[in-house]
Amino acid sequence: MATFLFDKTIFGPVVSRRLGISLGVNLLPNDSKLCSFDCIYCECGWNPEKGTVKAILPSRTVVKSLLRQKLLEMGQEGNLPDVITFAGNGEPTMHPDFDGIIDDTIELRNELSGNARIAVLSNSTMLHKPSVVAALRKVDDNILKLDSGIEKTIRLIDQPVVPFNLPDIAKNLSQFAGELIIQTMFVTGDFNGEHIDNTTEAEISAWMRLLVQIRPKMVMIYTIARDTPSENLCRVDLDELNCIARKVETELGLTVQVSG
């Protein structure tokens, strides 16, 4: 199925299902994907084969200059963003200057767009790095992925390409002391001869046990909205997402945002 890449370092603004009017920041290459996961549902498609693409990342200086220029332009138009969102063609926290770029973004936001929130969409794999954790503690919306409470399922859905251990991920997520948002993609389908369904009773129970450990301030649950690189995947019905949300809200007392 057709997928797409973000061809700019600063992109949008776009209307986000979860965040509002979002100005995007892509710290990854503009012509290829760079990620520590290779999710079967990723709108950016599959990771390139190792060694076939040279990853050229925008420098900290370039990111700051382009972001300043865009915020000035939006301010002149009277259309400042609700949120500045780090997303793009892969995992933003892989950028070697991620922490410095976050400091620059906070400075620019305070100067030019004081009401905007700063959000980072991350897959949680770089939380072993103190500089990444320190940077994420500074943003308004620290949105971290947890697609299952069962490691086998995460390996099927997210296809990690770095060393991955779910207990370590859960421990790293817990270090934020609740100052994070957990984001979970629910999906069903088949991949490489395996059936995938992270909405079953066993899946939801395991996932909720980790939510108890992590205690996020919010949980975002969603399903496929765009084309995916794997063609045998299905959206989860909105009614089912709402049932999952009610279970989390009722049994765990957590706030849940649903995007169908």
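Is R226 buried, partly exposed or exposed? R226 is partly exposed, with a relative accessible area of 48%, where buried means under 20% relative accessible area, exposed means over 50% and partly exposed lies in between, using a 1.4 Å probe and protein chains only.

Before I go on, please keep in mind that this is a predicted model, in which local features need pLDDT of at least 70 and side-chain atom pairs count only at pLDDT 80 or more, while totals for chains, interfaces and linings use all residues. Residues are numbered from 1 along each chain as its sequence is written, and side-chain values use heavy atoms, with hydrogens and water left out.

Let me stay with R226 and turn to the salt bridges. A salt bridge here is a side-chain nitrogen of Lys or Arg within 4 Å of a carboxyl oxygen of Asp or Glu, and the structure holds 13 of them. In one of these, the side chain of R226 meets that of E43 at 2.7 Å, N to O. This pair links distant parts of the chain, since R226 sits in the loop between β9 (218-222) and β10 (233-234) and E43 in the loop between β2 (20-26) and α1 (60-77), 183 residues apart. The helices (H or I, at least four residues) and strands (E, at least two) that I name are DSSP runs, numbered from the N terminus.

A further salt bridge joins the side chains of R60 and D104, again with an N to O distance of 2.7 Å. R60 lies in helix α1 and D104 in helix α2 (residues 98-112), so the pair ties together parts that are 44 residues apart in sequence. R60 counts as partly exposed at 36% relative accessibility, whereas D104, at 7%, counts as buried.

Helix α2 also supplies R109, whose side chain meets that of D140 in a salt bridge of 3.0 Å, N to O. Because R109 lies in helix α2 and D140 in the loop between α3 (130-138) and β5 (141-145), this pair ties together parts that are 31 residues apart in sequence. Here R109 is the buried partner, at 11% relative accessibility, and D140 is partly exposed, at 25%.

Now to helix α1 itself. At 1.5 Å a residue, its 18 residues should span 26 Å, and its end C-alpha atoms are 26 Å apart, which agrees; the expected span is 1.5 Å times one less than the number of residues. V63, L67, K70, L71 and M74 are buried in α1. They cover an arc of only 100 degrees around the axis, which puts them on the same side of α1, the arc being that of the directions from the helix axis to the C-beta atoms. What covers these buried residues includes β1 (10-16), β2, β3 (83-87) and α2, while the face turned away from the buried side carries the exposed residues T61 and Q76. After α1 comes G78, with a positive phi near 70 degrees.

Helix α4 (151-158) can be described along similar lines. In α4, the residues T153, I154, L156, I157 and D158 are buried. They cover an arc of only 165 degrees around the axis, which puts them on the same side of α4. Their cover includes β5, α5, β7 (188-191), β8 (194-197) and α6, and just after the helix Q159 takes a positive phi of about 50 degrees.

Which residues have the most contacts inside the largest nonpolar core? They are W207 and I221, in a core of 70 residues, where a nonpolar core is a set of buried Ala, Val, Leu, Ile, Met, Phe, Trp, Tyr and Cys residues joined through side-chain atoms within 4.5 Å. Helix α6 (residues 201-214) gives the most to this core, with 6 residues. Leaving aside neighbours within four places in sequence, W207 is in contact (heavy atoms within 4.5 Å) with residues including L146, F186, V219, I221 and I244.

I will finish with the strands β7 and β8. They belong to an open sheet of 3 strands, in the order β8-β7-β10 and with antiparallel pairing; two strands pair if DSSP finds at least two bridges between them. β8 and β10 stand at the edges, each with a single partner strand, so one side of each is left without a neighbour in the sheet. Between β7 and β8 there are 4 bridges, and D190 has H195 in β8 as its bridge partner.
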